[in-house]
Amino acid sequence: MKPITASARLAIVAAALALGACSILGGAGERERAAIYSPDPRVAADPAWPHVDWQLAINAPSAARTVDTFRIAVRPSPGELQVYSGASWARSPTDMVEEVVLRTLEDSGHIAGVARRGSGVAPDYRLLLDLRRFEADYAGRATPAATIELHAKLLHARSQGIVASRTFTVSELAAGTDVSTVAATFTTALETLGRDVAGWTLATGAEHARTAPAPSTASRR
């Protein structure tokens, strides 16, 4: 491997600074005061959700590094991803997604037990999550939409078989283009996601538990 020369180092640093400056909001002469946004979604349980007597463990969501970033991502056009200048999330997108699903199920009163994986709970089912998108997407519109795409798999813990899987896509249109309005719209998007994932998990698990054969005496030992 050839050693990196001083001029090459300067070129790398310059390129990194140029990349970090890329933003749909502001420029070198238009720096905004840094702001940190913390969506706080609250989801009420749907009375139609089934009540279940099994326990669930939620795996920490997986995500690409470009998705799970504290920078607030915006897609001004297809194939182009930027970040808002002077703005960031208080928590990573995967943390926010995991929290809204967990809290929605916990607060619903429709499940015997739910916890994060590794908390000591012996689960009957596991919820595996893969966060694919968490961005403000213009998609040809005048204002962006808070867009979240999440793939979920419900795993039967005893058999280690996948009960069902589904991709959830939420797109909530923002009322404006400023970063504070866009960030606030993610609260609504997270509420919709939490409601959809919790309802699907309970209904899918309830149906599987109702139809799955009971474990043999040997498997209980």
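## A walk through the fold, starting from one salt bridge

Let's start with a pair of side chains: R132 and E149 meet in a salt bridge, with 3.7 Å from N to O. R132 sits in strand β7 and E149 in strand β8 (residues 145-156), so this pair ties together parts that are 17 residues apart in sequence. The two partners don't sit in quite the same kind of surroundings. R132 is partly exposed, at a relative accessible area of 36%, while E149 counts as buried, with 17% relative accessibility. The cut-off for buried is under 20%, so E149 with its 17% falls on the buried side.

Before going further, a word about what you're looking at: this is a predicted model. The protein has four helices and nine strands. If you trace the chain from start to end, the pattern reads α-β-β-β-β-β-α-β-β-β-β-α-α. There are 221 residues in the protein, and 42% of them count as buried. About 11900 Å² of the protein is exposed, and carbon and sulfur atoms supply 53% of that. Here's another number to keep in mind as you look around: among contacts in the protein with a separation of 6 or more, 72% are between residues 24 or more positions apart.

Back to the salt bridges. How many does a search of the whole structure find? It finds 11 salt bridges. One of them joins the side chains of E135 and R75, at 2.6 Å from N to O. E135 belongs to strand β7 (residues 125-137) and R75 to strand β4 (residues 71-77), so here the pair ties together parts that are 60 residues apart in sequence. E135 is buried, too, with a relative accessible area of 5%.

Another salt bridge brings the side chains of E99 and R116 together, at 2.7 Å from N to O. This pair links distant parts of the chain: E99 is in helix α2 (residues 93-108) and R116 is in strand β6 (residues 111-116), 17 residues apart. E99 counts as buried, at 18% relative accessibility, whereas R116 is partly exposed, with a relative accessible area of 37%. These two residues also have company. A network of salt bridges links D40, R42, E98, E99, R103 and R116.

Helix α2 is worth following a bit further. Its axis and that of helix α3 (residues 179-211) come within 9 Å and cross at roughly 55°. That angle makes α2 oblique to α3, and the crossing of the two helices is right-handed. Which residues do the meeting? On the α2 side you'll find M96, V97, V100, V101, T104 and L105. On the α3 side they meet L190, L193, G194, V197, A198 and L202.

Now stay with helix α3 and look for V182, which has its place there. Is V182 buried or exposed? V182 is buried, with a relative accessible area of 1%. Leaving aside residues up to four places away in sequence, V182 touches Y84, A136, P144, A174, G176 and T177. If you look for T143, you'll see that its C-alpha atom and that of V182 are separated by 9.0 Å, although the two residues are 39 residues apart along the chain.

Finally, let's visit two loops and check the backbone. Most residues other than glycine have a negative phi. Against that background, A139 stands out: this residue is not a glycine, yet has a positive phi of about 50°. You'll find A139 in the loop between β7 and β8, the two strands that hold R132 and E149 from our starting pair. A139 counts as partly exposed, at 47% relative accessibility.

Go on to the loop between β8 and β9 (161-173), and you come to Q160. Phi of Q160 is near 60°, again a positive value in a residue other than glycine. Where A139 counts as partly exposed with its 47%, Q160 counts as exposed, at 52% relative accessibility. Exposed begins over 50%, so that cut-off puts the 52% of Q160 in the exposed class.

Notes
Residues are numbered from 1 along each chain as its sequence is written. This is a predicted model: local features need pLDDT of at least 70, side-chain atom pairs count only at pLDDT 80 or more; totals for chains, interfaces and linings use all residues. Side-chain values use heavy atoms; hydrogens and water are left out. Buried means under 20% relative accessible area, exposed over 50%, partly exposed in between (1.4 Å probe, protein chains only). Contact means heavy atoms within 4.5 Å. Accessible areas come from the Shrake-Rupley method with a 1.4 Å probe; for residues, only the protein chains shown count as cover. A salt bridge is a side-chain nitrogen of Lys or Arg within 4 Å of a carboxyl oxygen of Asp or Glu. Axes are lines fitted to C-alpha atoms, for helices over the stretch in contact, and angles run from 0 to 180 degrees between N-to-C directions. Angles under 35 degrees count as roughly parallel, over 145 as roughly antiparallel, 65 to 115 as roughly perpendicular and the rest as oblique. A crossing is left-handed if the near helix is turned anticlockwise from the far one by less than a right angle, and right-handed if clockwise.
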